[in-house]
Number of protein chains: 2
Amino acid sequence: MAQLGDLERSIMDALWASESPLTATELQESLEAGSAGVSGKQLAVTTVLTVLSRLEHKGLVVRDRAVRPHLYRASSSHADHTAELMHEILGASSDRSEVLARFLGQVSPEEAATLRGLLNSPPRDSGLSA
Amino acid sequence: MAQLGDLERSIMDALWASESPLTATELQESLEAGSAGVSGKQLAVTTVLTVLSRLEHKGLVVRDRAVRPHLYRASSSHADHTAELMHEILGASSDRSEVLARFLGQVSPEEAATLRGLLNSPPRDSGLSA
DNA sequence: AATCTGTTCTACACTTCGTAGAAGAACGAC
DNA sequence: GTCGTTCTTCTACGAAGTGTAGAACAGATT
């Protein structure tokens with residue numbers, strides 16, 4: 001799946017941050033406003049479109065072609081995506097428990113607590129994601 | 001830090017698998033033999049050298065210039081590196097606990113057990129790796 | 001039909017990565 | 001100390017990925 005480029009990431013962030021699907025133009029605006037920090041430079045809509053197509057191709061974005069200004073949304077939540085990425089990386093390792101040990105060795109106490117809580121309250125219903 | 005390319009990864013794997021530091025030529029040989037699966041094609045030593053330099057530049061490889069055939073070793077263990085990558089990804093997320101929840105939702109029961117064990121075992125003093 | 005708005009095609013520059021030859025540097029043999 | 005061998009560095013190029021956007025095309029509105 002690989003890591004995304006800067007623009008790709010910004011666009012995904014905007015999509016993840018949005019409740020409802022967005023149009024290319026809306027994204028263009030939210031990119032100008034919301035993010036970027038210092039810039040302020042407006043991107044061309046076609047640029048946004050191009051990146052959206054690429055993200056769709058990568059399976060990260062779903063496009064609704066039924067409506068006229070096409071609507072775009074992230075195919076999975078940010079958390080899901082991130083968790084998947086983490087698993088991908090973990091899975092590529094030969095020595096998973098060792099990695100997990102190191103991983104835990106680096107988490108903050110709060111996160112450790114969070115993890116403990118999650119592991120002890122097992123609401124393992126979510127048989128979702130194929 | 002980003003993901004590595006195929007060759008870069010193979011070389012890192014060889015370095016991680018090795019107890020002691022290796023020379024470029026040794027790496028070249030172990031690449032031919034150990035990995036690759038189907039190929040069998042021998043890389044030029046200069047290719048290995050180039051990639052090693054790039055990896056050194058990225059901070060993943062440490063080179064000992066004191067001895068003549070320079071010796072190369074991974075700057076950190078595979079597990080450490082992987083764990084760091086996972087943290088990097090996790091850190092880029094705004095909603096860490098949510099990600100962790102999703103992450104745990106995807107781990108195998110064995111891994112969950114491993115994690116439980118690690119979280120309950122004595123505080124990992126290991127103040128190693130800077 | 002003409003126009004406006006949004007989408008697709010095409011394109012280019014820049015970076016990263018795989019790949020390696022040519023040139024340079026160090027070290028042992030003589 | 002010079003010669004040859006061995007190793008490293010420099011330089012380079014092609015493929016892929018990404019940021020960027022104009023040109024051309026399609027659907028809706030009047």
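This is a guided tour of a predicted model with two protein chains and two DNA strands, taken one selection at a time.

Before you select anything, note that residues are numbered from 1 along each chain as its sequence is written, while chains are lettered from A and ligands numbered from 1 in the order in which they are written. Because this is a predicted model, local features need pLDDT of at least 70 and side-chain atom pairs count only at pLDDT 80 or more, whereas totals for chains, interfaces and linings use all residues; side-chain values use heavy atoms, with hydrogens and water left out.

**Stop 1: the two protein chains together**

Select chain A and chain B, and compare them as two copies. Chain B can be laid on chain A with an RMSD of 0.1 Å by a turn of 179° and a shift of 0.0 Å along the axis, the superposition being by least squares on the C-alpha atoms of residues with pLDDT of at least 70 in both. The two copies are thus related as by a two-fold rotation axis. To find where this axis runs, select B:Met86, whose C-alpha is the nearest to the axis in chain B, at 2.7 Å from it. The same surface serves both copies, since 94% of the contact residues of chain B recur in chain A.

**Stop 2: where the chains meet**

Now select the residues between the chains: 36 residues of chain B are in contact with 35 residues of chain A, where contact means heavy atoms within 4.5 Å. The size of an interface is often given as the accessible area lost when the parts come together. Here chain B and chain A bury about 3700 Å² between them, with 70% of it on carbon and sulfur atoms; this buried area is the accessible area (1.4 Å probe) that two parts lose on being put together, summed over both. In chain B, select B:Met86, B:Ile89 and B:Leu119, which lose the most area to chain A and together make up 17% of what that side buries.

How many salt bridges are there between chain B and chain A? The count is four, a salt bridge being a side-chain nitrogen of Lys or Arg within 4 Å of a carboxyl oxygen of Asp or Glu. Select A:Glu111 and B:Arg96, whose side chains meet in a salt bridge at 2.8 Å from N to O. Then select A:Asp80 and B:Arg102, which form a salt bridge with their closest N and O atoms 3.0 Å apart. A:Asp80 lies in helix α4 (residues 78-91) of chain A and B:Arg102 in helix α5 of chain B, so this pair joins two chains. Helices are DSSP runs (H or I, at least four residues), numbered from the N terminus.

**Stop 3: DNA strand C**

Next select DNA strand C, which 23 residues surround, the closest being A:Arg63, A:His70, B:Asp6, B:Leu7 and B:Thr50; a residue is near a strand if one of its heavy atoms lies within 4 Å of it. Of the atoms of DNA strand C within 4 Å of the protein, 59% belong to sugar or phosphate and the rest to bases. Zoom in on B:Leu7, where a polar backbone atom is 2.7 Å from a phosphate oxygen of the strand, and then on B:Lys58, where an N or O atom in the side chain is 2.8 Å from a phosphate oxygen of DNA strand C. Which element gives the largest share of the surface near DNA strand C? Select α3(B), which provides five residues.

**Stop 4: DNA strand D**

Finally, select DNA strand D, which is surrounded by 25 residues, with A:Asp6, A:Leu7, A:Thr50, B:Arg63 and B:His70 the closest. Sugar and phosphate account for 62% of the atoms of DNA strand D that come within 4 Å of the protein. On chain A, a polar backbone atom of A:Asp6 is 2.6 Å from a phosphate oxygen of this strand, and a backbone N or O atom of A:Leu7 lies 2.7 Å from a phosphate oxygen of DNA strand D. On chain B, select B:Arg63, which has a polar side-chain atom 2.5 Å from a phosphate oxygen of DNA strand D. End the tour at α3(A), which gives the most to the surface near DNA strand D, with five residues.

Key:
Polar contact = N/O pair within 3.5 Å; in protein donor to acceptor, adjacent residues only side chain to side chain.
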